[in-house]
Amino acid sequence: MGFTIGGIREMRVGARRRVRTTECTAVAEYTGLWGWDVVPGTRAVSGRCSCGDPACAAPGAHPLSFAEPVPAGAGLDDAVKAWSEYPGAALLLPVGRAFDVIEVAEAAGRRALVRLERMGLPLGPVCATPTGRARFFVAPGAAAELPQLLYRMGWDDADLDLHCLGPGSYVTAPPSDLGGLGPVRWLRPPTLDTAGAPPQARLLLGTLAYICHRTHF
């Protein structure tokens with residue numbers, strides 16, 4: 001079953017092949033190296049989602065309804081074969097399985113990342129979106145624990161631009177674009193050590209909350 005939308009259909013053949021090769025390689029890296037499932041997702045052009053629903057609540061940022069995920073452990077050959085069924089699809093990572101995600105404003109996230117690295121705290125992958133958000137990958141369960149963690153740290157009443165994504169959510173992964181706005185990019189790419197064992201949210205949350213509070217005010 002093919003997948004095309006206007007902006008993708010008009011790409012030159014050579015450019016389209018390079019994009020597909022890059023995407024297939026990325027899929028194989030996510031599944032084979034990092035042990036993550038990858039889900040084919042919609043794309044958006046000029047605000048219109050490829051799903052065809054004019055009232056789509058998440059243009060270019062949700063799974064294709066008819067597509068099967070590429071499971072963790074799939075190698076290059078399997079990834080290429082699977083992804084060739086959905087040319088042009090965005091790479092989405094399901095949250096709540098291998099990781100949850102803490103999301104903050106990119107400016108706050110960059111400042112926190114520098115501080116966390118200087119403190120020598122364990123860090124997982126971190127990506128930035130074209131909408132100005134930074135996403136910190138943390139151990140699964142963070143979304144459920146977040147309210148209690150913030151309460152224990154004394155940040156529960158603070159006006160923080162800090163959110164946690166858990167089971168049922170998806171994040172767009174590099175090199176895909178998010179909603180037609182531009183590519184998602186790694187601020188701190190995954191490694192063999194961090195992809196399968198991201199840090200517990202409590203190890204990062206105090207610094208993230210503090211920086212978010214300072215940046216907001």
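This report describes the fold content, salt bridges, nonpolar cores and one buried acidic residue of a predicted model.

**Overall composition**

The chain has 217 residues, of which 45% count as buried. Its secondary structure comprises seven helices and 10 strands. Among contacts between residues at least 6 apart in sequence, 77% join residues at least 24 apart. The accessible surface of the chain is about 10,700 Å², and carbon and sulfur atoms account for 53% of that area.

**Salt bridges**

The count of salt bridges comes to nine. In general terms, side chains of opposite charge can pair when their charged atoms come close. Three of the pairs are listed below with their closest N to O distances.

| Acidic residue | Basic residue | Closest N to O distance |
|---|---|---|
| Glu23 | Arg43 | 3.3 Å |
| Glu103 | Arg135 | 2.8 Å |
| Glu106 | Arg185 | 2.7 Å |

The salt bridge between Glu23 and Arg43 has one partner in helix α2 (residues 13-33) and the other in the loop between β1 (39-41) and β2 (44-45), so this pair ties together parts that are 20 residues apart in sequence. Both Glu23 and Arg43 are buried.

The salt bridge between Arg135 and Glu103 links two strands: Arg135 belongs to β7 (residues 133-138) and Glu103 to β5 (residues 100-105), so parts 32 residues apart in sequence are tied together. Arg135 has a relative accessibility of 11% and therefore counts as buried, the cut-off being under 20%. Glu103 is likewise buried, with a relative accessible area of 12%.

For Glu106 and Arg185, whose closest N and O atoms are 2.7 Å apart, the pairing joins helix α4 (residues 106-119) to strand β10, and so connects parts that are 79 residues apart in sequence. Which of these two partners is buried, and which is partly exposed? Glu106 is buried, at a relative accessible area of 13%, whereas Arg185 is partly exposed, at 33%. Elsewhere, salt bridges that share partners join Glu103, Arg133, Arg135 and Asp161 into one network.

**The surroundings of Asp177**

Asp177 is placed in the loop between β9 (170-172) and β10 (185-188). With a relative accessible area of 15%, Asp177 is buried. The side chain of Asp177 makes a polar contact of 2.6 Å with the side chain of Arg43. Arg43 is also the salt-bridge partner of Glu23, and thus Arg43 appears in both descriptions. A polar atom of the Asp177 side chain also lies 2.7 Å from the backbone nitrogen of Gly180. When neighbours within four places in sequence are left aside, Asp177 is in contact with Arg43, Thr172, Gly182, Pro183 and Val184.

**Nonpolar cores**

The largest nonpolar core contains 28 residues, and those touching the most other members are Tyr30, Trp36, Trp83, Leu91, Leu93, Phe99 and Phe137. Helices α2 and α3 (76-83) and strand β4 (90-94) each supply at least two residues of this core. The most comes from α2, which gives five residues. Helix α2 is also the element that holds Glu23. Another core, of 26 residues, lies apart from the largest one and includes Val126, Ala142, Leu204 and Cys212.

Definitions and conventions. Residues are numbered from 1 along each chain as its sequence is written. This is a predicted model: local features need pLDDT of at least 70, side-chain atom pairs count only at pLDDT 80 or more; totals for chains, interfaces and linings use all residues. Side-chain values use heavy atoms; hydrogens and water are left out. Helices (H or I, at least four residues) and strands (E, at least two) are DSSP runs, numbered from the N terminus. Buried means under 20% relative accessible area, exposed over 50%, partly exposed in between (1.4 Å probe, protein chains only). A polar contact is a pair of N or O atoms within 3.5 Å; within protein, one must be able to donate a hydrogen and the other to accept it, and residues adjacent in sequence count only if both atoms are side-chain atoms. Contact means heavy atoms within 4.5 Å. A salt bridge is a side-chain nitrogen of Lys or Arg within 4 Å of a carboxyl oxygen of Asp or Glu. A nonpolar core is a set of buried Ala, Val, Leu, Ile, Met, Phe, Trp, Tyr and Cys residues joined through side-chain atoms within 4.5 Å. Accessible areas come from the Shrake-Rupley method with a 1.4 Å probe; for residues, only the protein chains shown count as cover.
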